[in-house]
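This report describes the architecture of one protein chain, its strand pairing and its principal pocket. The sequence and structure are shown first.

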Amino acid sequence: MRLPEPLIQLLGASLLLASAAAWALPEDRNQPIRVQADTAELDDRQGVAVYRGDVVITQGTLKITGDTVTITQDDNGEVEIFTAVGKPAYYEQKPSVDEPIVKAYGLTIQYFADNERIVLLDQAKVVQEGNTFEGEKIVYDTQRQIVNAGRASDADITTPKPRVDMVIQPRSRDAEPPAEQTP
């Protein structure tokens with residue numbers, strides 16, 4: 001049985017969702033994307049693909065997991081928004097060869113492909129090298145590498161956090177120049 005051409009295009013476009021992620025190693029964009037789920041529901045007319053049941057998306061060092069993952073496309077078949085929902089949903093990726101993996105959590109994780117922005121909602125947390133950033137909502141602009149955290153205006157927040165909580169690890173003393181010695 002052959003799948004209809006629009007359905008094949010929707011499947012193909014949904015597999016490209018992570019290819020523009022700026023948190024990615026350059027090699028990640030050239031790797032195949034794998035989507036694993038218990039079920040998939042594809043609505044070509046609406047440009048929506050919904051994957052359910054222990055969804056795992058991988059591409060190179062990129063890994064995204066959630067109970068449900070929804071991929072929305074524009075009229076041209078380009079991925080607009082990718083949304084993972086879980087308890088929590090999870091994102092990880094190695095930004096460059098010499099940097100450790102960035103891990104992000106939230107009950108909802110949204111990736112906006114056009115402006116390469118990731119939004120973590122409800123129990124949001126980003127971890128890298130032992131440094132943590134927590135809040136109700138975290139927005140990461142991957143192009144400019146700017147993180148904003150704060151209160152969410154959504155009424156759907158299950159665990160209100162009135163303040164942002166950050167833990168920043170001290171820099172290694174080995175990186176500091178030696179103290180001057182006097183005779």
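How much area does the chain expose, and what share of it do carbon and sulfur atoms supply? The exposed area comes to about 11300 Å², and carbon and sulfur atoms supply 48% of this area. The model is predicted, and the values reported here are computed from it.

**Overall architecture**

The chain has 183 residues, of which 36% are buried. Its secondary structure consists of 1 helix and 10 strands. Along the sequence the order is α-β-β-β-β-β-β-β-β-β-β, with the helix preceding the strands. Among contacts with a separation of 6 or more, 41% are between residues 24 or more positions apart.

**Strand pairing from β6 to β8**

Strand β6 covers residues 102-112, β7 covers 117-128 and β8 covers 131-141. Strand β7 pairs with β6 through 8 bridges and with β8 through 10 bridges; the strands run antiparallel in the pairing of β6 with β7 and likewise in that of β7 with β8. Each pairing also forms a hairpin, as summarised below.

| Hairpin | Bridges | Residues between the strands | Residue with positive phi | Opposed residues |
|---|---|---|---|---|
| β6 and β7 | 8 bridges | 4 residues | Glu116, about 50 degrees | Gln110 and Val119 |
| β7 and β8 | 10 bridges | 2 residues | Glu129, near 55 degrees | Gln128 and Asn131 |

In the hairpin of β6 and β7, Glu116 lies in the turn, while Gln110 stands opposite Val119 of β7. In the hairpin of β7 and β8, Glu129 takes the positive phi, and Gln128 stands opposite Asn131 of β8.

**The largest pocket**

Rolling a probe the size of a water molecule over the atoms shows where empty space is left. The largest pocket of this model holds about 670 Å³ of space. It is lined by 22 residues, and those closest to its centre are Glu99, Val102, Gln128, Glu129 and Asn131. Two or more lining residues come from each of β7, β8, β9 (146-150) and β10 (165-167).

Which element gives the most residues to this lining? That element is β8, with 4 residues.

The hairpin of β7 and β8 recurs here: Gln128 and Asn131, which stand opposite each other, are among the residues closest to the pocket centre. Glu129, which has a positive phi in that hairpin, also belongs to this group.

By residue class, the lining comprises 13 nonpolar, 6 polar and 3 charged residues.

Methods: Residues numbered from 1 in each chain as written. Predicted model: local features only at pLDDT ≥ 70, side-chain atom pairs only at ≥ 80, totals over all residues. Heavy atoms only, no water. 1 Å grid on protein atoms, 1.4 Å probe; cavity = no way out; pocket = protein on both sides within 12 Å on 5 of 7 lines; lining within 4 Å. Points joined across faces, edges and corners; volume = space filled by probe spheres on them. Nonpolar A, V, L, I, M, F, W, Y, C, P; charged D, E, K, R; others polar. Pairing = 2+ DSSP bridges. Buried < 20%, exposed > 50% of the residue type's maximum accessible area, 1.4 Å probe, protein only. Contact = heavy atoms within 4.5 Å. Areas by Shrake-Rupley, 256 points an atom, 1.4 Å probe, with all protein chains shown as cover.
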